[in-house]
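Student: I should like a close look at a single part of this model, followed by its wider setting.

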Amino acid sequence: MNARTLSDLAAPLTALIVLDTKFSHLPAPNVDFCPVYPDRLRLSLHDDLGAFEAWREALNIDPAAVVHRVQGGGGTLVLKVHGRFAGADIELVGFALVPEREAAELGLGAVS
């Protein structure tokens, strides 16, 4: 179902308010929601996998459910997981440079 009105996005909007109330001390993620997936709230974190992990723990999402992949020619690690919170489907995504790629870009050579 595609949302037709702003009120159709009530689930992710409510979840965002509750997240702010309960977890305002956590690092600020990028926040996305759209009418194509009216029950989903997407939280994405860039260049800080520790922040991704803090959010995953706060949302009580099983670490075994996290999907790992790479993109950008193998240079970017992507972690993605879904969970439920305050009536919304939460999609948590983390992006970071692959450590070996980061070391090479800094002129440090390969990481062993």
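Student: Leaving aside its neighbours within four places in sequence, which residues is Val98 in contact with?

Tutor: This is a predicted model, in which local features need pLDDT of at least 70, side-chain atom pairs count only at pLDDT 80 or more, and totals for chains, interfaces and linings use all residues. Residues are numbered from 1 along each chain as its sequence is written, and side-chain values use heavy atoms, with hydrogens and water left out.

Beyond the neighbours within four places in sequence, Val98 is in contact with Val70, Gly74, Gly75, Thr76 and Leu77; contact means heavy atoms within 4.5 Å. Val98 lies in the loop between β5 and α3 (99-105). Helices (H or I, at least four residues) and strands (E, at least two) are DSSP runs, numbered from the N terminus. Val98 counts as buried because its relative accessibility is 14%; buried means under 20% relative accessible area, exposed over 50%, and partly exposed in between (1.4 Å probe, protein chains only). Gln71 is 27 residues from Val98 along the chain, and their C-alpha atoms are separated by 9.7 Å.

As for the wider setting, the largest nonpolar core has 20 residues, of which Leu19, Leu43, Trp55, Leu59 and Ile90 touch the most other members. Such a core is a set of buried Ala, Val, Leu, Ile, Met, Phe, Trp, Tyr and Cys residues joined through side-chain atoms within 4.5 Å. Its largest share, four residues, comes from α1. Among the residues that Ile90 touches, not counting those up to four places away in sequence, are Leu43 and Leu59. Leu43, in β2, is the bridge partner of Val31.

How values were computed
Pairing = 2+ DSSP bridges.
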